[in-house]
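Here's a quick walk through a few spots worth a look. Keep the viewer open while you read.

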Amino acid sequence: MKALAGIPLGDWRAQGRDMLFRGQRIRYWAAGEGEPLLLIHGFPTASWDWHYLWEPLARRFRVIACDLLGFGYSDKPRGHDYRLLEQADLKQALLAHLGIEGPVHVLAHDYGDSVAQELLARHHEGRIQLASCVFLNGGLFPETHRPVLVQKLLLSPIGGLVGRLFSRRKLATSFAQVFGPHTQPSEMELDDFWRLIAEQNGPAVMHRLIHYMPERRQQRDRWVAAMQRGGVPLRVIDGAVDPISGAHMVARYRELIPDADCVLLEGIGHYPQTEAPEQVLAHYLAFRDRHG
């Protein structure tokens, strides 16, 4: 039993609002007051991933999240060429929609880490102001990312078929591999994760969303240079036993990033914000306190 209560999916959906981005309907959430904190979710899930942390963070910050284009309750256009750079455009459009112009803090996970890396590069290019950035398990470096089988198949020539055949059962199999051995999702959590993926026939666009993997390789040097440059406080909070982006990714981060600030969560897998939300919250707030 987790100490943090979380938000049931139905309540979470009801709290959301809509905005238009390039003709597509985007579902977003905002709560709290104070410094803006942008939460960016991963693949293949949605912003509900943050539901355990949402209310505790909203007591201190102005928390903001949206389901990225192609995810969750946002539109999932079929023939769209989904790009990480466009998702970063979406995040900037959301901030503009909410009238936020000053420095923004970022907390990201998985696919969202890549969007955050793009925002960090744009910070150094003078296109947005970031105050800090914290990464949860994600493929920060293509050379350390170890995709699971379904991700490899989605990227293959039969990706469209693989996506259409993706099911709750296959989701459960994939999540069993990437969650920690003692922090597996419950049947109810799996049902809710699946509802978000299946919304608007989401499996039909999964093979298009997966192109973030080659896009990461294309942007790798620019993004790593942005992390190495300094000036924006960074931290990694990482589930150590994640086979995709666990301890091996953190080891690479320590090699490449000066004064690397890393927290390894022993026994935790790819989704630390749902597997160990209390630990993530404590380490995140300690990071924020340390940096004023």
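What follows is a short tour of some loop residues, a helix pair and two histidines. Keep in mind that this is a predicted model.

**Serine 74 and its surroundings**

Let's begin in the loop that runs between strand 4 (62-66) and helix 3 (84-97), where serine 74 has its place. Is serine 74 buried or exposed? Its relative accessible area is 0%, and since anything under 20% goes down as buried, serine 74 is buried. Its side chain has a partner too: the backbone oxygen of aspartate 67, reached at 2.5 Å. If you set aside residues up to four places away in sequence, serine 74 touches Arg25, Ile26, Arg27, Asp67, Leu68 and Gln200. So Asp67 turns up both in that list of contacts and as the residue whose backbone oxygen the serine 74 side chain reaches.

**Two residues with positive phi**

Gln200, one of the residues touched by serine 74, is worth a stop of its own. Glutamine 200 is found in the loop between helix 8 (187-198) and helix 9 (206-209), and asparagine 201 sits in the loop between helix 8 and helix 9 as well. What is phi like at glutamine 200? It is near 50°, a positive value in a residue other than glycine. Asparagine 201 also has a positive phi without being a glycine, with a value near 55°. As for accessibility, glutamine 200 is partly exposed at 34% relative accessible area, and asparagine 201 is partly exposed at 39%.

Here are the accessibility values for the residues on this tour:

| Residue | Relative accessible area | Class |
|---|---|---|
| Serine 74 | 0% | buried |
| Histidine 51 | 5% | buried |
| Histidine 145 | 14% | buried |
| Glutamine 200 | 34% | partly exposed |
| Asparagine 201 | 39% | partly exposed |

**A cis proline**

Now hop over to the loop between strand 3 (36-40) and helix 2 (51-58), which is where proline 44 lies. The peptide bond that joins phenylalanine 43 and proline 44 is cis, with omega at about 5°.

**Histidine 51**

Helix 2 is also where you'll find histidine 51. At 5% relative accessibility, histidine 51 counts as buried. Leaving out residues up to four places away in sequence, histidine 51 touches Gly6 and Ile7. How far apart are histidine 51 and leucine 234? They are 183 residues apart in sequence and 23 Å apart in space, going from C-alpha to C-alpha.

**Helix 4 against helix 10**

Next up is a helix pair. Helix 4 (residues 111-124) packs with helix 10 (residues 212-228) at an angle of about 45°, and their axes are 9 Å apart. The two helices are therefore oblique to each other, and their crossing is left-handed. On the helix 4 side, the contact is made by Tyr111, Ser114, Gln117, Glu118, Leu120, Ala121, Arg122 and His124, while helix 10 brings Tyr212, Arg216, Gln219, Arg222, Trp223, Ala226 and Met227. Sorted by class, that contact has seven nonpolar, four polar and four charged residues.

**Histidine 145**

Arg216, one of the helix 10 residues in that contact, leads to the last stop. Histidine 145 has its place in the loop between strand 6 (130-136) and helix 5 (149-155). Histidine 145 counts as buried, with 14% relative accessibility. Which residues is histidine 145 in contact with, leaving aside its neighbours within four places in sequence? They are Gly139, Met213, Arg216, Ile244 and Ser245.

Methods:
Residues are numbered from 1 along each chain as its sequence is written. This is a predicted model: local features need pLDDT of at least 70, side-chain atom pairs count only at pLDDT 80 or more; totals for chains, interfaces and linings use all residues. Side-chain values use heavy atoms; hydrogens and water are left out. Helices (H or I, at least four residues) and strands (E, at least two) are DSSP runs, numbered from the N terminus. Buried means under 20% relative accessible area, exposed over 50%, partly exposed in between (1.4 Å probe, protein chains only). A polar contact is a pair of N or O atoms within 3.5 Å; within protein, one must be able to donate a hydrogen and the other to accept it, and residues adjacent in sequence count only if both atoms are side-chain atoms. Contact means heavy atoms within 4.5 Å. Axes are lines fitted to C-alpha atoms, for helices over the stretch in contact, and angles run from 0 to 180 degrees between N-to-C directions. Angles under 35 degrees count as roughly parallel, over 145 as roughly antiparallel, 65 to 115 as roughly perpendicular and the rest as oblique. A crossing is left-handed if the near helix is turned anticlockwise from the far one by less than a right angle, and right-handed if clockwise. Ala, Val, Leu, Ile, Met, Phe, Trp, Tyr, Cys and Pro count as nonpolar, Asp, Glu, Lys and Arg as charged, and the others, Gly among them, as polar.
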